[in-house]
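Biologist: I would like to learn how one reads the two sides of a helix. Could we work through a case together, slowly?
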Amino acid sequence: MILKRFILRHRALVLGAVALSAASALSTMALLSYINELAANGVHAGRATSLLEGAGWLVAVLATGAMSQFILARLGGDLVAQLRIDLSRRFIDLEYEKLANEKHAIFGSLIEDVASIAPLVLVAPLLAYNGLLVVLYASYLASVSPPLLGILAAFLCVTVVASLVLERFLRRRFDALREANEKVFEYFRYLSEGKKELALNAARARHVADELIRPAIHRSRRLMIQVHTGLGFNEAWSSAVIYASVFVIVYVGYASLALPQATIMRFVIGALFLSGPVAFIVSAARQVGVGTASLRHLQRVGLDLGGEVDPPAHGADPGIGDEWRSIALRGVSYAYAGDEDGRIALGPVDMEIRRGELLFIVGGNGSGKSTLLLLLASLLTPRTGELVVDGVPLELDRQRHRERFTGVFGDFFLFPHVLDVAGHPLPDERIRALLVSLGLGSQVQVTQGELSKLTLSTGQRKRLALLQCYAEDRDIFFFDEWAADQDAHFRDYFYRMLLPELKARGKTVVAITHDDRYFSLADRVVKLEAGRIVSDTRRRDGGAAYAARDPAAGHRVS
Ligand SMILES: Nc1ncnc2c1ncn2[C@@H]1O[C@H](COP(=O)(O)OP(=O)(O)OP(=O)(O)O)[C@@H](O)[C@H]1O
C-alpha cells in the first residue's frame with residue numbers, strides 16, 4: 001500500500017526519524033532515571049554539576065525530539081504531495097462510467113480524504129516512538145518493583161481493551177460521518193454551480209439553504225459530536241485510569257507490600273512519565289479513526305490506494321496510421337447505474353460505422369443519441385453485446401480505440417492549452433489561423449499554445465472546443481449537437497463547409513443533430529427512438545435520395 005511505497009522511497013529520512021525518535025526516547029529515559037536518582041538520594045555531588053547533568057539530558061531530549069519532528073514535518077509534506085499525485089493519477093485512470101455516477105463523492109475524496117489520510121500515516125512513527133517509550137519505561141519500572149508494575153499493567157490492559165471496544169463501536173459512526181460530509185459537499189456544489197439560478201430565485205435559494213444544506217450540516221454535526229464525544233470520553237477515561245493506578249500503587253505499596261518510601265516514589269515518578277506516551281497512543285485513535293474511514297471511502301469510490309500506480313499513459317500510438325475499416329455495435333444495450341429502475345437507456349442495437357462516413361444521429365430528447373456515441377467511443381461498457389472493430393471484439397485495447405476519437409460532447413469541458421495529437425502545444429501561428437477561421441481572431445489571443453481566455457459566449461466556447469479537435473486531428477470527429485448554439489451563418493458554415501471538408505480529408509464524422517434541414521448533407525442518417533434504432537438511411541449518390549434499412553429486418557430494403 002501507499003505507506004510501504006512511501007517508506008521505501010524515503011527510507012533515508014524515515015530511518016533518520018526512527019533513529020532520532022529512539023535517541024529521544026532513550027534521552028527521556030535517562031532524564032527520568034536521573035531525576036529519580038536525585039529524588040531518592042539527594043544532591044551529593046556539587047550542585048552546579050547536578051544542574052549541568054540534568055540540563056544536558058534536557059538539551060538531548062529537546063534536540064533529538066525537535067530534529068525528529070522536523071524530519072516528520074518534511075515527511076508529512078512529501079506524503080501529502082505524494083497522495084495528491086497518486087490520487088490524481090488514479091482519477092485519470094478511473095473509468096468515465098464511475099465518475100459519471102459518483103462525481104461528488106470522488107471530488108470530495110481529492111479534498112477531504114487526502115487531508116485525513118496524511119495524519120494517519122504520520123501518526124505511525126509517533127506511535128512507534130511512544131510505544132518504544134512505553135517499553136523502556138515499563139522495563140525501568142520492572143527494575144524498581146515488579147509487583148507494582150503488575151498492578152500498573154492490569155490498569156493499562158483495562159484502558160487498552162476499553163479503547164479497542166470503543167474503536168469498533170465508533171467505526172460505523174466514522175463511516176456515517178464521512179458519508180454525511182459528502183452530502184454537504186454535494187450541496188455546496190449546488191451553491192457554486194447553480195449560482196445564477198439561485199440569484200434569480202429566492203425561494204429556491206431558501207430551499208437549498210434550509211431544506212438541503214442545513215439538515216445535511218446538522219446530520220454531520222450530530223455525528224461529529226457523537227464520534228468526538230466517544231473519543232474524548234476515551235481519553236478522559238484513560239487519564240483517570242492512570243491516576244487511579246497511581247493511587248492504588250501508592251496505597252498497595254505502603255499498606256500491603258510495605259515497600260520503602262524511596263521505591264514507591266521512584267515508581268510513581270516513572271508511572272507519571274509513562275502516562276504521557278499512553279495518553280498519546282489512546283488519543284491517536286482519533287486520527288486513526290478518521291484516516292481509516294477515508295481509506296474505506298476511497299476504496300468505495302474506486303480510488304483504492306493499494307498497489308502501484310500505473311505509469312502515465314503517453315497516448316503513444318493515438319490511432320495514427322491505424323488502418324481500421326469499421327466499428328460496430330453488436331446487440332449492444334446499456335443501462336445507467338444511477339437509474340433506479342434499471343431502465344435500458346439504449347438498445348439492443350446493431351449498427352456499423354465505416355471509415356470515411358459522414359453520419360448523422362438523430363432522434364428526440366432522451367432517445368439515446370449521446371449514450372450511443374459514448375458506447376462507440378468505448379467510454380461506456382455495454383451491459384450486453386459488444387463493440388467490434390474490423391470484426392474483432394474490442395477487449396483490452398480500449399484506450400487505443402478511444403484515441404481514434406476527438407470531438408465536442410454536449411457537456412464539453414474546455415482546456416486552455418491547445419495540444420496536438422501527441423500532446424505537444426500546437427504552433428501559435430496555426431492556432432491563430434484556426435481562431436480567425438472560427439471567427440474568434442479578435443477575441444482570443446494565444447501564447448505558447450495557451451489561449452488567453454475561455455470566458456466567452458456558449459457558441460464561441462463551442463468553437464474553441466472545435467479548435468481543439470482540429471488540433472488533435474484524429475480519425476473520427478464527433479459532435480453532440482454542436483451547431484445548436486451557433487448563429488445561422490456559422491451553423492450553415494459548419495454543415496456545408498466544415499463537415500464536408502473533414503470528410504474530404506478522409507475523416508469519419510459522427511454528428512448528433514436536430515437540424516433536419518441539413519440531414520440531406522449526410523452520407524447516412526440513423527434515427528433513434530426510446531433507445532432503439534428505428535431507421536438507418538444511407539445516401540445513394542450525390543443527391544438527397546436515401547436507401548433505407550429496416551433495423552428490425554436486419555437487412556437493406558432499398
Ligand atoms: N448519467 C445518467 N444517469 C442516468 N440516466 C441517464 C444518464 N444519462 C442519460 N440517461 C438516460 O439515458 C437515456 C438516454 O439519454 P441520452 O443522453 O443518451 O439521450 P439523448 O438522445 O442524447 O438526449 P438529448 O437529445 O436530450 O441530449 C435517457 O432516458 C436519459 O434519461
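Biologist: What covers the buried residues of α12?

Modeller: The cover includes β7 (446-447) and α13 (458-472), where contact means that the C-beta atoms of two residues, placed from the backbone, lie within 7 Å. Helices (H or I, at least four residues) and strands (E, at least two) are DSSP runs, numbered from the N terminus. This is a predicted model, in which local features need pLDDT of at least 70 and side-chain atom pairs count only at pLDDT 80 or more, while totals for chains, interfaces and linings use all residues. Residues are numbered from 1 along each chain as its sequence is written.

Biologist: Which are the buried residues of helix α12?

Modeller: In helix α12 (residues 428-437) they are Ile431, Leu434 and Leu435; a residue is buried if 20 or more other C-beta atoms lie within 10 Å of its own, exposed if 12 or fewer, and partly exposed in between.

Biologist: Why are they on the same side of α12?

Modeller: An α-helix has 3.6 residues a turn, so residues three or four places apart point the same way. Here the buried residues cover an arc of only 105° around the axis, which puts them on the same side of α12; the arc is that of the directions from the helix axis to the C-beta atoms.

Biologist: Which exposed residues does the face turned away from the buried side carry, and what follows α12?

Modeller: That face of α12 carries Glu429, Ala433 and Val436, and the helix is followed by glycine 439, whose phi is positive, near 75°.

Biologist: Is threonine 292 buried or exposed?

Modeller: Threonine 292, in helix α9 (residues 261-300), is partly exposed, because 17 other C-beta atoms lie within 10 Å.
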